[in-house]
Amino acid sequence: DVRALADRFIAAIEAGDADAALACYAPHARIWHNTDGLEQDVEANLALLDAFVGRTVSRRYRDRRLQLLPSGFVQQHRLCATRHDGRQVELHAAILCQVADGRITRLDEYLDSAAVARFR
């Protein structure tokens, strides 16, 4: 079920659970971000997730708008996080995920680049 996959994936990121996120990806999945224009493999993406988790004490997806598609799903959201210094950060984003055999095969993520710069 694509909706259940989307929910598991988001819950894994909120929890900072790289193993649960990994279980949502197909082994050959590719991940692309608008902020650098580069494609990543799953391993590189999980390293990025680990770095994000390491810089935050909590992460929550707010205002999730999930649309199911024949090929996967699209989700718009606000990713709200608290850094270790107590500062709250908010990233408006959208992800477009292609799904096959119950796993994400491609994820294109569009982030508000100004918010990413503030976070860093």
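Which residue in strand 6 does Y25 stand opposite? Y25 stands opposite I104. Hold on to that pair while I set the scene.

This is a predicted model, so local features need pLDDT of at least 70, side-chain atom pairs count only at pLDDT 80 or more, and totals for chains, interfaces and linings use all residues. Residues are numbered from 1 along each chain as its sequence is written, and side-chain values use heavy atoms, with hydrogens and water left out.

Some terms now. Helices (H or I, at least four residues) and strands (E, at least two) are DSSP runs, numbered from the N terminus. Two strands pair if DSSP finds at least two bridges between them.

The sheet comes next. It is open, has six strands and follows the order 2-1-6-5-4-3, with mixed pairing. Strand 2 and strand 3 are at the edges with a single partner strand each, so one side of each has no neighbour in the sheet. From one strand to the next, the twist averages 25°. Angles here run from 0 to 180 degrees between N-to-C directions, and axes are lines fitted to C-alpha atoms, for helices over the stretch in contact.

Let's walk across it. Strand 2 (residues 39–41) runs antiparallel to strand 1, joined by three bridges. I31 has Q40 as its bridge partner there. The two strands form a hairpin with five residues between them, and G37 in the turn has a positive phi of about 70°.

On to strand 6. Strand 1 pairs with strand 6 in the parallel sense, over five bridges. W32 stands opposite D108 in strand 6.

Strand 6 also pairs with strand 5, in the antiparallel sense, over eight bridges. I95 has E109 as its bridge partner. This hairpin has two residues between the strands, and D101 takes a positive phi near 50°.

At the far end of the order, strand 3 and strand 4 are antiparallel over eleven bridges. R65 stands opposite Q76 in strand 4.

What lies on the sheet? Helix 1 lies across strands 1, 3, 4, 5 and 6, at about 165° to strand 3. Helix 3 packs on the sheet too, touching strands 1, 2, 3 and 4, and its direction makes about 65° with that of strand 1.

Now a check on helix 1. At 1.5 Å a residue (times one less than the number of residues), its 14 residues should span 20 Å, and the end C-alpha atoms are 20 Å apart, which agrees. Just after helix 1, G16 takes a positive phi of about 70°.

Which residues of helix 1 are buried? They are L5, A6, F9, I10, A12, I13 and E14. Buried means under 20% relative accessible area, exposed over 50%, partly exposed in between (1.4 Å probe, protein chains only).

That leads to the core. A nonpolar core is a set of buried Ala, Val, Leu, Ile, Met, Phe, Trp, Tyr and Cys residues joined through side-chain atoms within 4.5 Å. The largest one has 28 residues, and F9, Y25, F73, I104 and L107 touch the most other members. Helix 1 gives the largest share, six residues.

Last, L107. Leaving aside neighbours within four places in sequence, L107 is in contact (heavy atoms within 4.5 Å) with F9, Y25, R30, I31, W32, I95, L96 and C97.
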